[in-house]
Amino acid sequence: MDYVSALVPPVVMAAFFIGLVVTIVKSQGGANKAKEDAAVDAVLSSAEATRQSTPRS
């Protein structure tokens with residue numbers, strides 16, 4: 001029975017990791033992709049504008 005208690009944690013972690021990867025892959029693209037891309041573009045352009053308006057020493 002020691003082998004069962006030794007194998008349970010890795011199996012549980014493997015199942016969790018597989019579920020995480022599947023969730024990440026399924027969430028890529030789809031209906032929210034344009035909205036997410038627009039949010040990232042807005043943040044990047046804001047950071048670029050801030051960087052350009054900051055005087056350099």
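**Getting to know a predicted chain**

Me: How many residues does helix α1 have, and what does it reach from its first C-alpha to its last?
Reply: Helices here are DSSP runs (H or I, at least four residues), numbered from the N terminus. α1 covers residues 2-27, so 26 residues, and the expected span, 1.5 Å times one less than the number of residues, comes to 38 Å. The helix is close to that, reaching 39 Å.

Me: What should I know about the model itself?
Reply: It's a predicted model, where local features need pLDDT of at least 70, side-chain atom pairs count only at pLDDT 80 or more, and totals for chains, interfaces and linings use all residues. Residues are numbered from 1 along each chain as its sequence is written, and side-chain values use heavy atoms, leaving out hydrogens and water.

Me: Where does α1 bend?
Reply: A bend is the angle between axes fitted to the seven residues ending at a residue and the seven starting there. In α1 that angle is about 30 degrees, and Pro9 follows within four residues of the spot, which is Val8.

Me: Is Val8 buried, partly exposed or exposed?
Reply: Buried means under 20% relative accessible area, exposed over 50%, and partly exposed in between (1.4 Å probe, protein chains only). Val8 has 43% relative accessibility, so it counts as partly exposed.

Me: What is the radius of gyration of the chain?
Reply: The chain has two helices and zero strands. The globule rule (2.2 Å times the number of residues to the power 0.38, with the radius taken over C-alpha atoms) gives 10 Å for 57 residues. The chain is more spread out than a compact globule, because its radius is well over that, at 22 Å.
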